[in-house]
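Here is a friendly walk through one protein model, written for someone who likes to know the cut-offs behind each term. Please have the structure open as you read.

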Amino acid sequence: MFDKNNYLDKYLHPDKDPQYSLVDFGLGKAGKGIKKFLLSGDAQSGKTTELRHLFHTLFDSGLYRLYYQEIKGWEFSLQDLSKVEQCETIVIIDALDEKFNDDERNTLFQCINNYAKRHPLLKMVISCRSNFKEINYLDEFLQLQLLDLSWDESKQIIYGQSDNAEKLIIEIENDELYELTRTPLFLLELIDCFQRKKHIPDDKSELYDYIINRRLEKEDARGIAAHPRMVNRGRLALESVAMGLQLMDKNAFSEEELLDLFDDEMQWTRIQQCGLIEGENNSYSFVHNSFKEYLASLFLDKTKSLDEI
């Protein structure tokens, strides 16, 4: 992972800027004395795994008092922390985007940022999806971004998750599906598809269908943007976005442009959460161009006339 504030320098001088783990930032080996860190990334990109690894590493070191909390199912309050010894404690809060509507999330982010400002010596590490504009409220925190998995790292995960890893690796290499192995989210869906079907579908549309449906079903189960017909409505919304991008010959939309495509903001909320669209600085695009092209083709297949487009 890397410090997003130094992104341009990293791009221009990739060998100059070493890559650090979250533990390096937690232990003060990276971050130049900064006490507040925000780990951002796409859905299922490994943020929770990183925070849990940080917690266990710091616990084993015996150097700190630790306070770890996942937002899901938590009635949020920082009063429990009011008497902690700032210099001896690290507060770790995972998944700020979980289980909150926009107003609740705004309040939560402002509350955490104000608390961080009042306790300058307290070290805090928090995580959130990167596609929430409320992240801007967290200006007390240095934003860190998870890097993509290398192919070697992806293979390690495959060996740990699949009962026929060698066959799956060969199929990925033969079909050149590397773009689906760079984040844990899509890699795990790829492994799951292989485990269920005993092979990767020869027809990529079948594979894309599987991944899209799984993402929408899981988002429905999480209850953030629940709807009785989450999968069907979510797919229609994704198809509309993909077709809009194709017609305008664009790779990304602003949030205002996306909202113009839908009848209500809940449609945008549904697709924003599913992990197929990523966004930053009010620019939203499909995580892989292949999803955009596939969903646009589905839209066209259902269209009877140019007037409908």
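## Ala95 and the overall picture

At 12% relative accessibility, Ala95 counts as buried, where buried means under 20% relative accessible area, exposed means over 50%, and partly exposed lies in between (1.4 Å probe, protein chains only). Ala95 sits in the loop between strand S4 (89–94) and helix H4 (102–118); helices (H or I, at least four residues) and strands (E, at least two) are DSSP runs, numbered from the N terminus. The phi of Ala95 is near 65 degrees, a positive value in a residue other than glycine. Most residues other than glycine have a negative phi.

A word on the ground rules: this is a predicted model, in which local features need pLDDT of at least 70 and side-chain atom pairs count only at pLDDT 80 or more, while totals for chains, interfaces and linings use all residues. Residues are numbered from 1 along each chain as its sequence is written, and side-chain values use heavy atoms, with hydrogens and water left out.

The protein chain has 12 helices and 8 strands. Of its 309 residues, 48% are buried. Taking contacts (heavy atoms within 4.5 Å) with a separation of 6 or more, 68% are between residues 24 or more positions apart. The chain exposes about 16,200 Å², and carbon and sulfur atoms supply 46% of that area; accessible areas come from the Shrake-Rupley method with a 1.4 Å probe, and for residues only the protein chains shown count as cover.

## The nonpolar cores

In soluble globular proteins, nonpolar side chains tend to be buried together. A nonpolar core here is a set of buried Ala, Val, Leu, Ile, Met, Phe, Trp, Tyr and Cys residues joined through side-chain atoms within 4.5 Å. The largest has 46 residues, and Leu238, Val241, Phe286 and Phe291 touch the most other members. The elements that give two or more residues to this core are helices H6 (165–175), H7 (184–197), H8 (204–222), H9 (230–247), H11 (265–273) and H12, along with strand S8 (283–286). A second, separate core of 17 residues includes Val91, Leu108, Leu122 and Cys128.

What does Val241 contact, leaving aside its neighbours within four places in sequence? Its partners are Phe253, Leu258, Leu261, Phe262, Ile271, Ile277 and Phe286.

Helix H12 (residues 289–302) has 14 residues and reaches 21 Å from its first C-alpha to its last, close to the 20 Å expected at 1.5 Å a residue, the expected span being 1.5 Å times one less than the number of residues. The buried residues of H12 include Phe291, Tyr294, Leu295, Leu298 and Phe299, and also Lys292.

## Charged side chains

A salt bridge is a side-chain nitrogen of Lys or Arg within 4 Å of a carboxyl oxygen of Asp or Glu. By this rule the count comes to 11 salt bridges, including these three:

| Pair | Closest N to O distance |
|---|---|
| Lys155 and Asp152 | 3.7 Å |
| Asp192 and Arg196 | 2.8 Å |
| Lys302 and Glu239 | 3.0 Å |

Lys302 lies in helix H12 and Glu239 in helix H9, so this pair ties together parts that are 63 residues apart in sequence. Lys302 is partly exposed, with a relative accessible area of 49%, whereas Glu239 counts as buried at 2%.

The other two pairs are each within one helix. Lys155 and Asp152 both lie in helix H5 (residues 151–161), 3 residues apart, about one turn of the helix. Lys155 is partly exposed at 21% relative accessibility, and Asp152 is exposed at 52%. Asp192 and Arg196 are 4 residues apart in helix H7, again about one helical turn, and Arg196 is exposed at 54%. Both also belong to a network of salt bridges that links Glu189, Asp192, Arg196, Arg214 and Arg215.

Is Asp24 buried or exposed? Asp24 is buried yet has no salt bridge, and the nearest side chain of opposite charge, Lys29, is 4.8 Å away; Lys and Arg count as positive and Asp and Glu as negative, while His and the chain ends are not counted. Asp24 is placed in helix H2 (residues 22–26).

## The loop between H7 and H8

Lys198 lies in the loop between H7 and H8. Lys198 has a positive phi of about 70 degrees although it is not a glycine, and it is exposed, with a relative accessible area of 56%. Asp202 is found in the loop between H7 and H8 and counts as exposed at 75% relative accessibility.
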